[in-house]
Amino acid sequence: MKGYRRPDGRFGIRNHVLILSTVGCANMMVRKIAAQVPGAVALENSKGCGQVGSGREIMRRCLFNLTLNPNVYGTLIVGLGCETTRPYELADEIRQVSDKPLEVITIQDCGGSVRALERGVEIAQKLVEDASKVEREPMELGDLLLGTNCGGSDATSGLAANPVIGVVSDKVVAAGGTVMLGETTELIGTEDILASRAATPEVADDIYTIVHGLEQSFVEAGVDVRGANPSPGNMKGGLSTLEEKALGGISKGGTTPITQVVPYGVRPTESGLTIMDTPGYDIESVSGMTCGGAQVLMFSTGRGTPIGNPLIPVIKVTGNCETYARMSDNIDFDASGAVEGTSTIAELGESLYQMLEDVCDGAEPAAERLGFNDFSIFHNQEVWCTCIP
């Protein structure tokens, strides 16, 4: 396995130049800059202004941490110039902790869109040229931060796809790496099981905090989460209750102790199995793990989904042979042999691990090959903040 060594010693499995918008008003600009510079990746930010409280802090730390993702060689931050995100201040804060290449422009300071586009393209081209000089070098499995997620689940997800991903998760953790489990909405009903696997009493407390805090927020808002989860598609696929879905979902994390719980978009400081407090909405959940430093993500889906991510490869796994046949242009790995009795979970896990190694070495899973770059930061107020660095 080979990767790109970054100044902080971490390894990326991709070598992106990130064109990052700090505010929705600059989204078209980052899109135009990246379109003119092969090798640059645009990441649009839907908000970045007019926010208060923890929603503003979530946004800022996510933008900050995106530039630190190991798959990013360097970043051009593009702002409008009057937003509350304050792009120049953000850049200064990033430079205090990172030696990665980082540039910043604002449309207002450049004197309008035409000049900003010219300047942005000039900077991005130089960053891409410099990035092309970085060569891959050997990395270990323990250098990996693997994200996990599920979407469009059906009955086969908990029987096959999720446990197969869990085998890979255990291999990554055993090698000294980190695995991220998320989707707090879909942990409801399994918090006692997860807490029993906590490495420390403090981690167990954090698990109860995020799950019970989320449930309380639903009660206070008069919302019945079971009206949205399981979704109509989940139920059509054979999932009857939220607890049934959750019991299958947590198997993506394998069997190892849970070493840490982190808020949305925060980089783990401990190796091992980590829980990130993400929403159940797939794109926001995967985006949070990208901000948290995941270099690659495994995504189980029983009914099929096309979503990808601008910065990290997303490997799709299904336990449903019909879905694999129907959506083979979106699905990377067929784990239905575990349901049909033609393969064991362990055998399929080993095959999926081989696919992970191939992707780390440059092979493109379906979403990456198709250019699907879905991204959205979760902006809601946080129900807990005790472990935010």
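Start with the charged side chains: in this predicted model, the mean positions of the 30 positive and 50 negative charges of the protein lie 6 Å apart.

**Whole chain**

Show the full chain as a cartoon. The protein contains 15 helices and 14 strands. Along the principal axes, its C-alpha atoms fill a box of roughly 60 × 45 × 40 Å. The radius of gyration is 20 Å, which agrees with the value near 21 Å that a compact globule of 389 residues would have.

Switch to a surface. About 15,200 Å² is exposed, and carbon and sulfur atoms supply 51% of that area. Of the 389 residues, 58% count as buried. For contacts between residues at least 6 apart in sequence, 72% join residues at least 24 apart.

**The nonpolar cores**

Hide the surface and select Ile275, Leu352 and Leu356. These are the residues with the most contacts inside the largest nonpolar core, which has 44 residues. Another core lies apart from it, with 38 residues, including Leu18, Val41, Met59 and Met276. In soluble globular proteins, nonpolar side chains tend to be buried together.

Now centre on Ile275. What is Ile275 in contact with, leaving aside its neighbours within four places in sequence? Its partners include Leu181, Leu187 and Leu194. Ile207, Ile210 and Ile258 are also in contact with Ile275. Gln260, Val261 and Val262 complete the list.

**Cys62**

Select helix α2, residues 53–68, and pick out Cys62 within it. Cys62 counts as buried because its relative accessibility is 0%, against a cut-off of under 20%. Beyond its neighbours within four places in sequence, Cys62 is in contact with Tyr264, Gly265, Cys291 and Ile377. For a distance across the model, draw a line from the C-alpha atom of Cys62 to that of Val339: these residues are 277 apart along the chain, and the two atoms are separated by 39 Å.

**Ala366**

Go next to helix α15, residues 366–370, which contains Ala366. Is Ala366 buried or exposed? Ala366 is buried, with a relative accessible area of 1%. Which residues is Ala366 in contact with, once neighbours within four places in sequence are left aside? They are Asp329, Asn330, Ile331 and Asp332. Draw a line between the C-alpha atoms of Ala366 and Asp329: they are separated by 6.5 Å, with the two positions 37 residues apart along the chain counted as their separation.

**Two loop residues with positive phi**

Most residues other than glycine have a negative phi, and most peptide bonds are trans. The last two stops depart from a negative phi: Arg86 has a phi near 55°, and Glu183 has a phi near 60°.

Select the loop between β5 (72–79) and α3 (87–95), where Arg86 is found. Arg86 counts as partly exposed because its relative accessibility is 45%, which falls between the cut-offs of 20% and 50%.

Then move to the loop between β9 (178–181) and α7 (191–196), which holds Glu183. How does Glu183 stand, buried or exposed? Glu183 is buried, with a relative accessible area of 1%. To end the tour, show Arg86 and Glu183 together: Arg86 is partly exposed, whereas Glu183 is buried.

Conventions
Residues are numbered from 1 along each chain as its sequence is written. This is a predicted model: local features need pLDDT of at least 70, side-chain atom pairs count only at pLDDT 80 or more; totals for chains, interfaces and linings use all residues. Side-chain values use heavy atoms; hydrogens and water are left out. A nonpolar core is a set of buried Ala, Val, Leu, Ile, Met, Phe, Trp, Tyr and Cys residues joined through side-chain atoms within 4.5 Å. Buried means under 20% relative accessible area, exposed over 50%, partly exposed in between (1.4 Å probe, protein chains only). Contact means heavy atoms within 4.5 Å. Helices (H or I, at least four residues) and strands (E, at least two) are DSSP runs, numbered from the N terminus. The radius of gyration is taken over C-alpha atoms; the globule rule is 2.2 Å times the number of residues to the power 0.38. Accessible areas come from the Shrake-Rupley method with a 1.4 Å probe; for residues, only the protein chains shown count as cover. Lys and Arg count as positive and Asp and Glu as negative; His and the chain ends are not counted. The place of a charge is taken as NZ of Lys, CZ of Arg, CG of Asp or CD of Glu.
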